[in-house]
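Biologist: I have a structure open on my screen and would like to learn how to read it. Could you walk me through it with me asking the questions?
Modeller: Gladly, let's look at it together.

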Amino acid sequence: MKHAVFIFSEDQLGYKFSETHPFNQKRLVLTIDLLKKMNALPDELVVPARIATDEELLLAHDERYIDIVKKASRGEITPEAGESYGIGTEDTPIFENMHEASARLVGGTLTAVDYVMEGKAQHALNLGGGLHHGFRGKASGFCIYNDSSVAINYLKSKYNARVMYIDTDAHHGDGVQWSFYDDPDVCTVSIHETGRYLFPGTGNINERGSGQGYGTSFNFPIDAFTEDESFLEIYRTSMKEIIEFFKPDVILTQNGADAHYLDPLTHLYGTMNIYKEIPKIAHELAHEYCDGRWIAVGGGGYDIWRVVPRAWSLIWMEMNNFSIPTGKLPVSWMEKWQPESPVKLIDTWEDPPNMYKAIPRKAEITDKNQQMLNKALYMIRNK
């Protein structure tokens, strides 16, 4: 059995709204090249992403919606006609072969699931996935099909698995949460910037599930300008408590890299330190509670040059028990991409010191986050 497999196909780069859209799959190319330059990604560990079938997409999406996406892919509907389905909007514009590109991202996550659940690898990484805002009949927030929702239903139907979904994207994982809000066999956990300031505006602490699924939805909305220490205190403490309570068969993590200070779409003040710890803790919990079964997907991340390649490389390094790199990035990677980058690249695995000015409200923000965590823990312990 392999430690981990890396799911990727060139076709995944076809998920492209426009040259200027903030969701840019160039970040996959940059990450893969960085890992190659580190001699950390041999070809034999790269597994091609298959395309999800319509039957598989129906695990989380309506037939009518899939049909509309197909028609939009072929230019058979106008943006105006697609708007009620969330496509043809400023966030999620129509592009050629949209259905095929979206189904390929879903298929990549399903490929990862099969490798882990069939015992071919303990862990699997599909950085092309993580499109957590997609709904049953509507696209939202750059997400057409929701690969995690499809994958969780696939895990349940094919492998009879009890699934814990952990989302550390700065944006609330709303599409996945609502898909399983009443499902007692799926636990959704999201640590995100509070919806008071950021899309999609959901993910309040009192969103706990409904019906038989009450108590299996967990949200940790953190304040804008939250820094590493407070973020990691919430992550470490909550994950241990929740997994002990839920006892899953498999962990699926969504690894948006947009909680970083440099991300242009969010207001959190994370550094590369959180991206070292997030996969490390997930890895430990997978081995302690799930016989190592850990599937990871990508997600948000809009500073594609300075943040995403470093953050996502650390997931793969952790999965394979490689030493977490320190010091300088490979010179060959810097020389290759700096001429193309619109910003000056960071040439070290760590962020530069004094990257931002001290937050005057740090104590207040930390205390507010701690109060939120205490309240959430009380709910967990007194379900």
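**Reading the fold, then the residues**

Modeller: Let's begin with burial: of the 383 residues in the chain, 61% are buried. Keep in mind that this is a predicted model.

Biologist: Thanks. How many helices and strands does the chain have?

Modeller: There are 12 helices and eight strands. The radius of gyration is 19 Å, close to the 21 Å from the globule rule for 383 residues, so the chain is as compact as a globular protein of that length. Along the principal axes, the C-alpha atoms fill a box of roughly 55 × 55 × 45 Å.

Biologist: And what do the contacts say about the fold?

Modeller: For that, look at how far apart in sequence the partners are. Among contacts with a separation of 6 or more, 78% join residues 24 or more positions apart.

Biologist: What does the chain expose, and where do the charges sit?

Modeller: About 14,900 Å² is exposed, and carbon and sulfur atoms supply 50% of that area. As for charges, the chain has 38 positive and 53 negative ones, and their mean positions are 2 Å apart.

Biologist: Now the inside. Which residues touch the most other members of the largest nonpolar core?

Modeller: That core has 77 residues, and the ones touching the most other members are Phe6, Met164, Phe220, Phe231, Tyr235, Tyr275 and Trp316. Another core, of 54 residues, lies apart from it; Ala72, Ala103, Ala121 and Ala151 are among its members.

Biologist: Take Tyr275. What is tyrosine 275 in contact with, leaving aside neighbours within four places in sequence?

Modeller: With that exclusion, tyrosine 275 contacts Gly256, Ala257, Asp258, Ala259 and His260, and also Ala311 and Leu314.

Biologist: Let me try a strand. Is threonine 253 buried or exposed?

Modeller: The cut-off for buried is under 20% relative accessible area. Threonine 253 has 3% relative accessibility, so it counts as buried. You will find threonine 253 in strand β7, residues 250–254. Its contacts beyond four places in sequence are Ile166, Ala282, Trp294, Ile295, Ala296 and Val297. One of these partners, tryptophan 294, is 41 residues away in sequence, yet the C-alpha atoms are 7.7 Å apart.

Biologist: Does a loop residue have to be on the outside? Where does threonine 348 lie?

Modeller: Threonine 348 is in the loop between α11 (331–337) and α12 (362–381). Even so, its relative accessibility is 18%, so threonine 348 counts as buried. Not counting residues up to four places away, threonine 348 touches Arg310, Gly327, Lys328 and Leu329.

Biologist: What would an in-between case look like?

Modeller: Try isoleucine 51, in the loop between β2 (46–47) and α2 (54–57). At 35% relative accessibility, isoleucine 51 counts as partly exposed. Beyond its neighbours within four places, isoleucine 51 is in contact with Glu56, Glu100, Ala103, Arg104 and Gly107. You met Ala103 earlier, as one of the residues in the 54-residue core.

Biologist: Which element holds proline 79?

Modeller: Proline 79 is in helix α4, residues 79–82. It is partly exposed as well, with a relative accessible area of 39%. Away from its sequence neighbours up to four places off, proline 79 touches Ile87, Gly88 and Ile94. For a sense of scale, the C-alpha atoms of proline 79 and aspartate 347 are 42 Å apart.

Biologist: Last topic: the backbone. What should I look for there?

Modeller: Most residues other than glycine have a negative phi, and most peptide bonds are trans. Here, the bond from phenylalanine 199 to proline 200 is cis, with omega near 5°. Proline 200 sits in the loop between β5 (186–193) and β6 (217–222).

Biologist: And what is the phi of aspartate 291?

Modeller: Phi is near 55° there, a positive value in a residue other than glycine. Aspartate 291 belongs to the loop between α9 (272–289) and β8 (294–297), and it is exposed, at a relative accessible area of 60%. Asparagine 354 also has a positive phi, of about 55°, although it is not a glycine. That asparagine 354 lies in the loop between α11 and α12, and it counts as exposed at 74% relative accessibility.

Methods. Residues numbered from 1 in each chain as written. Predicted model: local features only at pLDDT ≥ 70, side-chain atom pairs only at ≥ 80, totals over all residues. Heavy atoms only, no water. Helix = DSSP H or I, 4+ residues; strand = E, 2+ residues; numbered from the N terminus. Rg over C-alpha atoms; globule rule 2.2 N^0.38 Å. Buried < 20%, exposed > 50% of the residue type's maximum accessible area, 1.4 Å probe, protein only. Contact = heavy atoms within 4.5 Å. Areas by Shrake-Rupley, 256 points an atom, 1.4 Å probe, with all protein chains shown as cover. Lys, Arg positive; Asp, Glu negative; His and termini not counted. Charge placed at Lys NZ, Arg CZ, Asp CG, Glu CD. Core = buried A, V, L, I, M, F, W, Y, C linked by side-chain atoms within 4.5 Å.
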